[in-house]
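Notebook open, coffee poured. I want to look up a few spots in this one and jot down what turns up.

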2 protein chains.
Amino acid sequence: MRNDDLLSPLRYQGGVLELLDQRILPIEEKWIGYRDYREIARAITDMVVRGAPAIGCAAAYGVAIGAKQGAALSEVIATLRATRPTAVNLFWALDRMQRMSPPSPENLEREAIAIHQEDIAACVAIGNFGAPLLPAGNVLTHCNAGALATGGYGTALGVIRSAQQAGKKFTVFVDETRPFLQGSRLTAWELQKSGIAVQLITDNMAAHFMQKGEIQSVVVGADRIAQNGDTANKIGTYGVALLAAAHQIPFFVAAPLSTIDLKTADGSQIPIEERSSREVTHIGDRALAPAGIGVRNPAFDVTPARLIAAIITEKGVARAPYAASLKLVKVE
Amino acid sequence: MRNDDLLSPLRYQGGVLELLDQRILPIEEKWIGYRDYREIARAITDMVVRGAPAIGCAAAYGVAIGAKQGAALSEVIATLRATRPTAVNLFWALDRMQRMSPPSPENLEREAIAIHQEDIAACVAIGNFGAPLLPAGNVLTHCNAGALATGGYGTALGVIRSAQQAGKKFTVFVDETRPFLQGSRLTAWELQKSGIAVQLITDNMAAHFMQKGEIQSVVVGADRIAQNGDTANKIGTYGVALLAAAHQIPFFVAAPLSTIDLKTADGSQIPIEERSSREVTHIGDRALAPAGIGVRNPAFDVTPARLIAAIITEKGVARAPYAASLKLVKVE
C-alpha cells in the first residue's frame, strides 16, 4: 500500500514527530511538531493524539526522540508510561522499545518506524478479515477506531473501509461520542473524506434506530482486551453492546494483537481512567452546566465477552470462548 | 402550597405571559414577555419553553392572550396546535380551552390559570405517589421532567423532590441529554438550586454506572403515553429503559393524566418529531462536526410498556397490564 495516500495521525522524519491535533479537528487541520519526548508525553495525556494503536506509535517515536535527545532510556520510558492507564498498546509499544538491543538512537528510531508500519499493515489485515463478517445493511460505530486512532487505515473503520472496497453498500451510523466527540469530530470527518455515507447521531439515539430496524451490525475498536475477551473501549461501548444484544444485532470488536493483554485475566482488572470534569461541563470555553455541579467522567467502560460476537485481529477472527481463541491468535 | 416559592417556567399577569428562556439556562436566567399568541407559538417551536406539561400551560395562556388580542379562536388554536407534534398535553390543553363556554377573554384567562395551577397540584400528587416506590440508593433521570418542564415542581423530579422531603438519601445521576442538553443545563441547575445531590454524566455513561452498582432506579417523564402504556419521551429514554432492564433496575414513568392519550392505541401511532440537524452539529455557533455531514435528529423515542415498572400519575400508580390500569386512573 502507498503510505503517501494514507490518512495517518502521525508523521515522522529526521527526529521530528508531527501529530495531527485531534482536539481541534474538524474545524482545523493543524499539525504540531515535537522534538522533545516530554512534550510527546503531554500530547498523549492531552489527547492531541488518541486511540490505542496511535498512542502506541506516538510513544514509540517518543522513545526514539528521547534517545536522540540523550535522555536516559529508563526516564523516557517511565515518563511516557505515566500518560494514560487504560490502552495497553502504550505499554506494549514501550516494552518492545525497551527490549531493543543495543538501544542506540538509530535502532530505536528504526523500531519506532517498524511499529508504525506494522500497525498500518495490521489494520489492513483486520479490515480484510472483518469485512465479510458484516451482514447486509447499515453499521453503527462508536468513538473513532479509524485511521486517526491508529498508524493509519483504522481497526473498526478498517473493517468498514474494506467492506466498502468489496462493494458492500451501507450507511455508517456514527455515535457522536461525548464528551470528547470523537464520533462527530473525527469519525464523521474521516468517513466523509473517504466517501463513505454517514448518519451522525447523538449517543442516546442508537437504541431508537436499532428499534426501527435501521442498524444491522455494530463494529468498534478496543483499548484493552483481557485474556477472557472482556474489552475496555471508549465510554458508551458497553451500553451499545447491551442495546445490540437486546435487538439481536451482532457486535464486533476490531483490534490488533497489541491490544490483547493476556496478562489481564478479565475486565475487572483493567484500570479505567477518570478524566477532568471540564470535558463534560464545557465545550471549549462555553459552559454547558451550572458551576460547581458534581460530575463523573470515566473515559472507558468494559464490555463483557458474552456480548461480543467476534474479535477481529490481523491474524484472524477469534470467537467465544475467548480464553482459548485469543491465546491461539496471539501466540501463534 | 405557596406558589411564590415555587420554581416555575411560566408567569402570567395582566395579559402578559413571561417564559424563562430555557435555551440559555443555566448561563443566564432571562425572562421573556409575550403579548401575542403567534410569538408564544414560536416560543414553543423554538423551545424557549419545553416539557410536555409546560407546553400545555403555555399554549393555554396563548389562547387566553389570543382572545385578548381579538383574534379568531379557531385561528389561535390552529396556530398553537401546529407547533410540536409529539407531546399530547399541547392538544389536551387546547381541546380544553376550546370547550370553554362562553369563550370570553375572561373565561379563557381563568381556564388557562386553572390549567397551570392544576398542573402544579398534579405534580405534587405524582411526587407523593412516586416517592415510596423508589428503592434505597441512587436514581437516574434523563432529560428534564422537572419544575422547568411543568407548571412547577416537576413529574420525575417531583418524585425525587418528594423522596428527599420524606428523608430518603440519594444522589441523582443526571444524563446530560444531547442534543439540547436538558439534563446538564436544566435538571442539574434545578436540582442544585433545590439542594439535591447531583452527578452529571454524559448519556453514554449510564450503562457503566449501572454495571458498577451505583444506580438503583430510573425515573423519567413522558410526552405521550399510549393506551397500552407505550411511552414517548425524550430521545434516549428507550435506551435507558433497555439498560435498566439488563441490570434489573426498575424504570418508572411519572406523568400527569393529561399526558395519557387513550385515543392512541400504541407507541407505533405516536408521531415522532424530527428537529434540525444543527442541534446535533453545533453548540451555539461552534461546529462539532464537518460541514455537510448526514445527520439524524429524532427528538423522541418510544419505550414499550413491557420495560416500564409503573406509571405514576396524580390519581395513583398504574402497573401492567396498562390497557386496564391506565383507563382506570384516567376516567375514574
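Which residues of H6(A) are buried? I am working from a predicted model here, and I went through the helix residue by residue. The buried ones are Ala156(A), Leu157(A), Gly158(A), Val159(A), Ile160(A), Arg161(A), Ser162(A) and Ala163(A). That makes eight of the ten residues of helix H6 (residues 156-165) of chain A, so the helix is largely enclosed by the rest of the structure. I noted that Arg161(A) is one of the buried residues. Just after H6(A), I found Gly167(A) with a positive phi of about 95°.

**Entry: strands E5 and E6**

Next I looked up strand E6 of chain A, residues 198-201. Val198(A) and Leu200(A) sit on one side, Gln199(A) and Ile201(A) on the other, and all of them are buried. I wrote it down as a strand with both faces covered.

How many bridges join E5 to E6 in chain A? I get four, and the two strands run parallel. For a register mark I took Val172(A) in strand E5 (residues 172-175), which stands opposite Val198(A) in E6(A). Helix H7 (residues 182-193) of chain A goes with these two strands: E5(A), H7 and E6(A) make a β-α-β unit, and I have its hand as right-handed.

**Entry: the Arg84 and Glu273 pair**

Over all chains the structure holds 32 salt bridges. I picked out the one between Glu273(A) and Arg84(A), with N to O at 2.9 Å. The pair links distant parts of the chain, 189 residues apart. Glu273(A) lies in the loop between strand E11 (260-261) and helix H10 (278-281), while Arg84(A) lies in the loop between helix H3 (73-81) and helix H4 (89-98). Both residues are buried. I then followed the charges outward and found a network of salt bridges that links Arg84(A), Glu273(A), Arg275(A) and Glu279(A).

I checked chain B too. Arg84(B) and Glu273(B) meet in a salt bridge, 2.9 Å from N to O. They are 189 residues apart, with Arg84(B) in the loop between H3 (73-81) and H4 (88-98) and Glu273(B) in the loop between E11 (260-261) and H10 (278-281) of chain B.

Are the partners in chain B buried or exposed? Buried means under 20% relative accessible area. Arg84(B) has 5%, so I count it as buried, and Glu273(B) has 9%, so it is buried as well. Glu273(B) also forms a salt bridge with Arg275(B), where the closest N and O atoms are 2.8 Å apart. Arg275(B) comes out at 17%, so it goes down as buried too.

Reminder to self: side chains of opposite charge can pair when their charged atoms come close.

**Entry: where chain B meets chain A**

Last stop was the interface. I find 56 residues of chain B in contact with 56 residues of chain A. The area buried between the two chains is about 4,300 Å², and carbon and sulfur atoms give 63% of that.

What about polar pairs across the interface of chain B and chain A? The rule finds 24 residue pairs in polar contact. Elements of chain B that give two or more residues to this side include helix H7 (182-193), strand E6 (198-201) and helix H9 (237-246). The rule also finds four salt bridges across the interface. I noted the one between Arg178(B) and Glu176(A), with the closest N and O atoms 2.6 Å apart.

Methods: Residues are numbered from 1 along each chain as its sequence is written. Chains are lettered from A and ligands numbered from 1 in the order in which they are written. This is a predicted model: local features need pLDDT of at least 70, side-chain atom pairs count only at pLDDT 80 or more; totals for chains, interfaces and linings use all residues. Side-chain values use heavy atoms; hydrogens and water are left out. Buried means under 20% relative accessible area, exposed over 50%, partly exposed in between (1.4 Å probe, protein chains only). Two strands pair if DSSP finds at least two bridges between them. A crossover is right-handed if, with the strands pointing away from the viewer, the path from the first strand over the helix to the second runs clockwise. A salt bridge is a side-chain nitrogen of Lys or Arg within 4 Å of a carboxyl oxygen of Asp or Glu. Contact means heavy atoms within 4.5 Å. Buried area is the accessible area (1.4 Å probe) that two parts lose on being put together, summed over both. A polar contact is a pair of N or O atoms within 3.5 Å; within protein, one must be able to donate a hydrogen and the other to accept it, and residues adjacent in sequence count only if both atoms are side-chain atoms.
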